[in-house]
Amino acid sequence: MEEYSDLSTEYGFNRFVKETEKMLYSFAYSITLNNEDAKDAVQEAYLRLFKARQRVDYRKNPKAYVFQIVKNVCFDIIGKRKNEKTIENLPVEEKFDRDTIIDRKKIISSALKILNKQERMVVCLLIFDGFSSKEAGEILGLSDSTIRNHYMNGRNKIRNFIVKHYPEYARSI
Amino acid sequence: MKCKDIEKLIPLYARNLLEESIKQKVERHLENCPKCHRLLELEKKITEDLIEFLDFQAGNQKIKFPEKRRNYLKMAGLIAALFIAAFAFFFSLSEKSGGVVKIKEIAYSSPQIKNIVRIDRNVETKVKKIDKNIYVIEILRR
């Protein structure tokens with residue numbers, strides 16, 4: 001992992017934002033499943049980090065710290081929203097298009113919706129290779145073994161969903 | 001181990017999250033079982049597509065720092081227009097009275113009441129758009 005000891009300088013901070021924003025956004029999206037909310041959460045998280053940059057020891061692990069913030073902001077956003085039900089336990093569409101052209105993005109998007117929030121967060125943190133399972137546990141406040149369990153369950157759900165509903169996707173490899 | 005057990009462990013195997021002893025067992029099974037090996041290939045493909053999907057979502061967003069709130073982004077155009085209108089208004093005032101009015105700050109008092117505008121923290125105005133580029137500014141409080 002990179003060192004961000006110069007986070008207090010404008011250059012260092014901007015570099016940190018540049019290097020983390022894509023992954024941070026993906027993580028926020030994995031929680032909210034909504035582009036606008038994810039964008040708001042990421043902006044808010046960087047703003048909070050910026051305000052607190054003199055107070056916290058970022059050399060420890062600034063990346064994990066900002067992911068923790070974005071997680072909290074996302075939970076706040078979800079908590080405030082009344083139609084939370086539309087995100088958790090979202091009913092999977094009954095009809096599955098049997099198009100000849102496989103829309104992979106659509107398939108992945110529907111597959112993510114069948115996971116619960118915890119599983120989505122863990123899957124997102126671990127697929128990018130940016131964090132170890134221990135670091136992911138630090139961010140989410142879970143033990144290493146719980147992280148592995150969530151990852152295993154989440155990924156198995158996704159694969160089983162695809163095999164069941166989109167066999168042409170599975171065949172195409 | 002049976003195929004059913006291996007299937008469950010494939011995600012952890014692919015992400016290298018298994019203990020060495022279990023990892024070796026899975027490895028041996030995969031060498032001899034084309035069905036499970038195919039599932040591993042599928043797992044890798046799904047990983048690629050998940051990354052692509054999330055990257056795509058992130059790539060479509062322009063995250064700006066330190067823009068604070070969405071309201072400001074949405075209203076940026078309107079704020080600019082109002083600023084010009086307010087400035088023109090004060091300029092005409094200052095010409096009549098002979099003094100110079102400098103506007104330091106212009107801000108909304110409330111995102112809900114969009115036509116109420118505060119200028120320099122103490123002047124509260126009500127802005128009404130009557131035509132393209134033409135605004136009536138009513139001073140409510142100063």
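Start at the second largest pocket, whose lining has four nonpolar, one polar and four charged residues by class. The model on screen is predicted, and the values below are computed from it.

**Stop 1: the second largest pocket**

Select R159(A), N160(A), V163(A) and A170(A), then add E7(B), K35(B), R38(B), L39(B) and L42(B); these residues line the pocket. Both chains are therefore present in the lining, as the selection shows. The pocket has a volume of about 190 Å³. Colour helix 7 of chain A and helix 3 (34-59) of chain B, the elements that give two or more residues to the lining. Helix 3 of chain B supplies the largest share, four residues.

**Stop 2: R159(A) and its partner**

Keep R159(A) selected, since it leads from the pocket lining to the contact between the chains. Add E43(B) and show both side chains: E43(B) forms a salt bridge with R159(A), and the closest N and O atoms are 3.0 Å apart. Side chains of opposite charge can pair when their charged atoms come close. Across the interface of chain A and chain B there are three salt bridges by the rule used. The count of residue pairs in polar contact between the two chains, with both residues at pLDDT 80 or more, is 13.

**Stop 3: the side of chain A that touches chain B**

Now select the helices of chain A that each supply at least two residues of this side: helix 1 (10-32), helix 2 (35-52), helix 4 (104-113), helix 5, helix 7 (144-165) and helix 8 (167-171). Helix 2 of chain A provides the largest share, ten residues. Coloured by class, this side of chain A divides into 23 nonpolar, six polar and 13 charged residues.

Widen the selection to the whole contact, which takes 42 residues from chain A and 38 residues from chain B. The size of an interface is often given as the accessible area lost when the parts come together. Here chain A and chain B bury about 4000 Å² between them, with 66% of it on carbon and sulfur atoms. Which residues of chain A lose the most area to chain B? Pick out Q43(A), R159(A) and I173(A), which together account for 18% of what the chain A side buries.

**Stop 4: the second largest cavity**

The structure holds two cavities of 30 Å³ or more. Go to the second largest of them, where about 30 Å³ of space lies. Select its lining: S30(A), L112(A), R120(A), V123(A), C124(A), I127(A) and L54(B). Helix 5 (residues 117-127) of chain A gives the most to this lining, with four residues. By class, the lining residues are five nonpolar, one polar and one charged.

**Stop 5: a salt bridge in helix 1**

Finish within chain A by selecting R15(A) and E19(A). These two form a salt bridge, with the closest N and O atoms 3.5 Å apart. Both residues lie in helix 1 of chain A, four residues apart, about one turn of the helix. How many salt bridges does a search of the whole structure find over all chains? The search finds ten.

How values were computed:
Residues are numbered from 1 along each chain as its sequence is written. Chains are lettered from A and ligands numbered from 1 in the order in which they are written. This is a predicted model: local features need pLDDT of at least 70, side-chain atom pairs count only at pLDDT 80 or more; totals for chains, interfaces and linings use all residues. Side-chain values use heavy atoms; hydrogens and water are left out. On a 1 Å grid over the protein atoms alone, a cavity is a set of points where a 1.4 Å probe fits but cannot get out, and a pocket is an open set with protein on both sides within 12 Å along at least five of seven lines; lining residues have an atom within 4 Å of a point. Grid points are joined across faces, edges and corners, and a volume is the space filled by probe spheres set on the points. Ala, Val, Leu, Ile, Met, Phe, Trp, Tyr, Cys and Pro count as nonpolar, Asp, Glu, Lys and Arg as charged, and the others, Gly among them, as polar. Contact means heavy atoms within 4.5 Å. Buried area is the accessible area (1.4 Å probe) that two parts lose on being put together, summed over both. A salt bridge is a side-chain nitrogen of Lys or Arg within 4 Å of a carboxyl oxygen of Asp or Glu. A polar contact is a pair of N or O atoms within 3.5 Å; within protein, one must be able to donate a hydrogen and the other to accept it, and residues adjacent in sequence count only if both atoms are side-chain atoms.
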